[in-house]
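The exercises below concern a ligand and the spaces within a protein. Work through each task with the structure open before reading its solution.

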Amino acid sequence: MKYVSTRGNAEPVDFVSASLTGLAPDGGLFSPVTFPQIERPDATATYIETATSILAAFAGSSLPEQAIREMAVRAYAPFAHQSVAPLTEVGPGRWMLELHHGPTLAFKDVAMRLIAQLYDHILGQRGERMTILCATSGDTGGAAASAFAGSKHVDIVILHPLDRISPTQRLFMTATGADNVHNFALEGDFDGTQAILKLLLADDQFRRRTRLAAVNSINWVRVAAQSVYFAQAQAQLGHDRNIRFVVPTGNFGDALAGYVASRCGLLKSLDIVSAVNANDAMARLLAGMPLTKGETAATLSPAMDIQLPSNFERLLFEAAGRDGAAVASVYASLAAKGEAPLPKAAATSLDAMGLSAERVSDHQTIDEMKRAYAETGWIVCPHTAVGLAAARRSRHVDGPVVTLATAHAAKFPETVKRALGIDLGLPDRASEFTSRPEKFDTGPMSADFVRQRVDSIVAKAD
Ligand SMILES: *Cc1c(COP(=O)(O)O)cnc(C)c1O
């Protein structure tokens, strides 16, 4: 299975190379040259079985299936729930897909732990070391720090926007106690950290010198690993049901994974609602409006405070009929002018894809947290509440509505307190994090600052 760049100007690579680089050399994102048709799992398939068969299809001949199975077993062993991503009913016909049973209490663990296994496997075989750069809106950093902590083959450098993430989110990335995890809090917003990441990855000399890779939501392995729980949910609810998935959306990685599952034949139909907060870029883009570099607003669902959803580029590639030059020109004019209209054909085809978006305000988020608690006794995280509020609003008569529960409420105790008046502590399984000191440096939102720091980290490791 080969992977091509969404900007059409890079050599196709195999699954392992796509995973190890993250960003294509022409600045695009890797996408499979065709979507493999994957057999739907049956209702009794375990999460490991489904993950193995889906990842094997994406890996093609670049990894043996047995190695993939072993990685999946190791990746999911520390999960607090045997099903990894269990489905629970929240009301008649309404379900929640619980993705927060991993060590850092958010769905990012699901894909990140698999990536860490993959990197260790490949770098171990090659006897190589790499530097992983990661920009986080709150939860990716924790998942990456925890998944790679103590790895002999990587240094991981995590950039987060200073004071724009919750103290508990920060704890998971800064209190790993591992020498190979390095944290920087930069003065600015998440889109700024993501721009630095892209800039440094596109800097050929620097990338080679530091053996740099990215495990952000643009990394294909994450998308592939996240498509597994969509397939599992379809199998468990029945292959004859038209499921609507409601996905709390920031960088559009999770929702894209649902789209990919559908393209691979794993879903009966494609009906995905991106639930967004005041940062409603996906709602505008799906309506065919231009791509813009808007200001991000700080909301109660900080992991979704994103105005430039990086994975939209993959969807645009599909909507534009896989015309890499057209995608490249959209992103070139975005870089030059701060705004880029979508090609007309792409805008029309986006409209017909089965994807939609719902906006949910902070006020509605708090209301939904109250309502979910009153109706089920469950305390849901603000991101999940954005999804549940969108699900409640979207009338679906044709089958079940499944909302992705993207984080554990204990990661957002301030918001839980505000909505419900309850003091929610971390679950016991997270107590290792509170027992260690936090370790991070602060700095300006500057690529040069990060470049210097990465160089000195690599110099020390060599
Ligand atoms: C990352 C994250 C999201 C957004 O997911 P994307 O794949 O970036 O769209 C939603 N909720 C939580 C809790 C997250 O950590």
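**Exercise 1.** Which cavity is the space taken by the ligand?

*Solution.* The model is a predicted one, and in it the ligand takes up the space that forms the largest cavity.

**Exercise 2.** Describe the shell of residues around the ligand, and then its polar contacts.

*Solution.* Begin with the shell, which holds 15 residues, the nearest being Lys108, Asp139, Gly250, Asn251 and Thr406. Sorted by character, the residues of this shell comprise six nonpolar, six polar and three charged.

Next, turn to the individual atoms, for which the cut-off of a polar contact is 3.5 Å between N or O atoms. Asp139 places a polar side-chain atom 2.5 Å from an oxygen atom of the ligand, while a polar backbone atom of Asp254 lies 2.9 Å from an oxygen atom of the ligand. In the side chain of Thr406, an N or O atom is 2.8 Å from a nitrogen atom of the ligand.

Finally, consider the surface: the ligand taken alone exposes 380 Å², and the protein buries 98% of that.

**Exercise 3.** Which elements give two or more residues to the lining of the largest pocket?

*Solution.* Start from the pocket itself, whose volume is about 590 Å³. It is lined by 22 residues, of which Ala195, Lys198, Lys293, Leu308 and Leu334 are the closest to its centre. The elements that contribute two or more residues to this lining are α7 (190–202) and α13 (324–337), and α7 supplies the largest share, with six residues. By character, the lining of the largest pocket divides into 10 nonpolar, five polar and seven charged residues.

Note on methods:
Residues numbered from 1 in each chain as written. Predicted model: local features only at pLDDT ≥ 70, side-chain atom pairs only at ≥ 80, totals over all residues. Heavy atoms only, no water. Near = heavy atom within 4 Å. Polar contact = N/O pair within 3.5 Å; in protein donor to acceptor, adjacent residues only side chain to side chain. Areas by Shrake-Rupley, 256 points an atom, 1.4 Å probe, with all protein chains shown as cover. 1 Å grid on protein atoms, 1.4 Å probe; cavity = no way out; pocket = protein on both sides within 12 Å on 5 of 7 lines; lining within 4 Å. Sits in = over half its atoms within 2 Å of the grid points. Nonpolar A, V, L, I, M, F, W, Y, C, P; charged D, E, K, R; others polar. Points joined across faces, edges and corners; volume = space filled by probe spheres on them. Helix = DSSP H or I, 4+ residues; strand = E, 2+ residues; numbered from the N terminus.
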